[in-house]
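Reader: I'm new to this one, so could you bring it up and walk me through it?
Author: Gladly, here it is.
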Amino acid sequence: MHRRYHMAAVRSIVWWTPLGCAGGTILLLEHGKSEYAPVRWYQRITAPQHLHDWGCFYDRPMVYLVEDSKFIVEEVDTCHAGTTVYVRATRPPHVDDLFQEA
């Protein structure tokens, strides 16, 4: 994944959290990179067309993006061969640090 897209995704995660609430929770239900090699291969070769048709990056490592945004990942669940990812994460108590590092 290109660094520019990665940082844009991380900033989006930070932006969507309750701005005044340290310790707040974010719930994400997103398409993500599958844990199964054949499905990952299919996602990789069809990702540009899927983005064009639906406006969706469906092959991103969602858990990594949330962890890189400095959130504390509380729960992760996947379904649909690992392509649908549910993440529950908590905003860290140091709100100022979160915005400076992301």
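Reader: How many aromatic pairs are there by the usual rule?
Author: The count comes to zero aromatic pairs, where rings of Phe, Tyr and Trp (its six-membered ring) pair if their centres lie within 6.5 Å. This is a predicted model, in which local features need pLDDT of at least 70 and side-chain atom pairs count only at pLDDT 80 or more, while totals for chains, interfaces and linings use all residues. Residues are numbered from 1 along each chain as its sequence is written, and side-chain values use heavy atoms, with hydrogens and water left out.
Reader: ok, and what sits over the ring of Phe57?
Author: The charged end of Arg60 does, 4.1 Å from the ring's centre; the rule asks for NZ of Lys or CZ of Arg within 6 Å of the ring centre and within 35 degrees of the ring normal.
Reader: New topic: how many salt bridges does the whole structure have?
Author: The search finds one, with a side-chain nitrogen of Lys or Arg required within 4 Å of a carboxyl oxygen of Asp or Glu. Arg88 and Glu75 form this bridge at 3.3 Å, N to O.
Reader: Where are those two in the chain?
Author: Arg88 lies in strand S3 and Glu75 in strand S2 (residues 72–79), 13 residues apart; strands are DSSP runs of E, at least two residues, and helices are runs of H or I, at least four, numbered from the N terminus.
Reader: And Ser34, buried or exposed?
Author: Ser34 is buried, because its relative accessible area is 2%, and buried means under 20%, exposed over 50%, partly exposed in between (1.4 Å probe, protein chains only). Its place is the loop between strand S1 (25–31) and helix H2 (37–54).

Note on methods. Phe/Tyr/Trp six-rings, centres within 6.5 Å; stacked < 30°, edge-to-face > 60°.
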